[in-house]
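Reader: Got a minute to go through this one with me? I'd like to start with the ligand site and then move on to any internal space.

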Amino acid sequence: MTSIDVKTVPADPTSRDSLARRGLDYRVVSGDDIPDFVRAVHRGFLGPEPEQKVVDADASLYAENRLIGVYDPEAAQPYPVSTEMSWITSLSVPGGAAPMWAISEVTVAATHRRRGIARAMLEGELRAAAGAGLPFAGLTVSETTIYGRYGFAPAVPTSTMTIDTRRAGWSAARPEARLLFVEREQLAEDLGVLHERVHGVRAGNISGWEHRWRQQAGLTADAEKPRDIRGVRALDADGELVGAMAFVVKEGDEFAVNSLSVDLLIAATPDALAALWRFALTYDLVTTVTASRRPVDDPLPWLVADSRAIRQRVIDHGWLRILDVPAALRARSLNGALGLRLRVTDPLGIADGSWTVAKLGGAGLEIAELDEDARADVTLDVGALAAAYLGGATLETLADAGRVSGDPAKIAELSSALRTARAPHLPIWY
Ligand SMILES: CC(C)(COP(=O)(O)OP(=O)(O)OC[C@H]1O[C@@H](n2cnc3c(N)ncnc32)[C@H](O)[C@@H]1OP(=O)(O)O)[C@@H](O)C(=O)NCCC(=O)NCCS
């Protein structure tokens with residue numbers, strides 16, 4: 001991980017100057033300005049005016065991170081008209097982990113929208129992150145249409161599953177893990193411990209933080225119906241914690257027709273995963289189970305007797321922005337031998353360039369810059385590289401979509417170098 005303190009990275013001067021020419025003040029937010037920053041974020045995400053206890057709790061969390069605000073001196077309230085928060089996290093990549101500039105709380109006040117404020121703020125953040133030496137930026141998004149223009153791409157798809165439990169049945173062996181209900185404090189702790197243990201298993205995941213697990217368990221000041229949240233833990237034959245699940249049972253129209261919503265399921269072993277799934281699917285008086293943010297290759301269809309009892313909706317979830325192509329390629333493992341001239345284009349000019357990329361036999365990866373006019377074997381935009389980088393899409397699919405061009409044999413070579421055995425997975429929002 002990097003030793004950079006994100007709070008010491010200055011506001012990007014290009015965005016600061018361009019917004020200043022429009023009478024707006026773009027700056028790092030700290031100290032006594034943080035509570036109003038929190039209020040602006042709640043307003044920006046369509047929330048009600050937050051209670052003071054929520055402001056206090058969020059302010060102490062936000063104070064750990066880098067906050068960017070845009071202020072309009074003519075505003076009638078002391079809130080920034082635009083907000084953004086970032087911190088440096090660890091992104092799991094195939095074969096390892098790399099530092100990533102995580103971006104969150106992007107809002108522009110409805111009174112100031114569509115004047116280019118978000119563009120100035122996001123471009124500024126990406127320049128700041130690249131200037132600080134980060135190879136990646138990442139975020140989860142409210143709308144899919146916003147971030148592609150900045151070189152982000154959906155890189156970690158996710159599946160929402162809806163299961164008809166009267167039809168699903170069970171075909172796998174009976175799992176051995178024991179399940180126990182836990183108090184919500186214990187649930188938060190278990191989720192944190194397990195996330196830390198498994199977050200490097202699949203690419204696309206990031207480090208967790210305590211507030212996230214307390215929020216999942218309904219223990220934060222902003223929790224709406226905290227007491228609806230139930231938790232179970234899974235223990236293996238040695239009594240070791242191997243899984244945890246946060247869920248809610250929702251009442252249906254009839255006493256025997258209820259639904260169970262799995263909000264977060266973390267398993268450290270295949271047996272614990274099967275045990276938690278089986279627990280949900282055999283819950284008495286429940287006929288429908290839904291589960292959010294599951295990996296697209298979740299084994300559930302192979303565990304049940306009737307896989308058509310499961311409906312899956314696959315959507316984008318984790319978005320990735322590559323800021324430094326050579327550093328990104330060096331950060332992950334690549335399959336097989338490789339030798340090609342690669343060109344990457346970037347709408348913001350941060351990560352574009354041409355390189356020879358070679359990995360021969362047991363030797364390490366060699367990357368050397370190429371002349372701009374040298375002919376490339378494979379050309380792609382920085383978003384297409386991000387989409388394939390964690391194993392979420394193949395270069396062949398992206399070529400069919402017009403995002404990758406060049407020699408088909410070289411596209412196939414790079415595509416197989418990037419391929420992963422398991423789909424990437426990001427189980428949380430950030
Ligand atoms: C999304 C949001 C931050 C955009 O702010 P903004 O200042 O209006 O955006 P800008 O004026 O800088 O627009 C920049 C570009 O994004 C486009 N854009 C802005 N909002 C968009 C949206 N919701 N959907 C699609 N495109 C959008 C603009 O058309 C513009 O395109 P161009 O520069 O390529 O011509 C703002 O609408 C907002 O706060 N929405 C509610 C909160 C939210 O969803 N935040 C995102 C969290 S991930």
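Reader: Which helix and strand each supply at least two residues of the shell around the ligand?

Author: In this predicted model, those are β4, residues 96-108, and α4, residues 117-131.

Reader: OK, and which residues come nearest to the ligand?

Author: Val106, Arg114, Gly116, Ser142 and Glu143, out of 21 residues around the ligand.

Reader: What's the shell like by class?

Author: Mixed: 9 nonpolar, 6 polar and 6 charged residues.

Reader: Back to Arg114. How far is its polar backbone atom from an oxygen atom of the ligand?

Author: That distance is 2.6 Å. Gly116 also has a backbone N or O atom 2.8 Å from a ligand oxygen, and for Arg115 the backbone-to-oxygen distance is 3.2 Å.

Reader: And how much of the ligand does the protein bury?

Author: The protein covers 76% of the 890 Å² that the ligand exposes when taken alone.

Reader: Switching topic: how many cavities of 30 Å³ or more are there?

Author: Just 1. It holds about 50 Å³ of space.

Reader: What lines that cavity, by class?

Author: The lining has 9 nonpolar and 2 polar residues, with no charged ones. Among them are Leu91, Met100, Val156, Ile206 and Tyr430.

Reader: Which strand gives the largest share of that lining?

Author: Strand β12, residues 310-322, with 3 residues. Gly318, Trp319 and Leu320 are included in the lining too.

Technical notes: Residues are numbered from 1 along each chain as its sequence is written. This is a predicted model: local features need pLDDT of at least 70, side-chain atom pairs count only at pLDDT 80 or more; totals for chains, interfaces and linings use all residues. Side-chain values use heavy atoms; hydrogens and water are left out. A residue is near a molecule or strand if one of its heavy atoms lies within 4 Å of it. A polar contact is a pair of N or O atoms within 3.5 Å; within protein, one must be able to donate a hydrogen and the other to accept it, and residues adjacent in sequence count only if both atoms are side-chain atoms. Accessible areas come from the Shrake-Rupley method with a 1.4 Å probe; for residues, only the protein chains shown count as cover. Helices (H or I, at least four residues) and strands (E, at least two) are DSSP runs, numbered from the N terminus. Ala, Val, Leu, Ile, Met, Phe, Trp, Tyr, Cys and Pro count as nonpolar, Asp, Glu, Lys and Arg as charged, and the others, Gly among them, as polar. On a 1 Å grid over the protein atoms alone, a cavity is a set of points where a 1.4 Å probe fits but cannot get out, and a pocket is an open set with protein on both sides within 12 Å along at least five of seven lines; lining residues have an atom within 4 Å of a point. Grid points are joined across faces, edges and corners, and a volume is the space filled by probe spheres set on the points.
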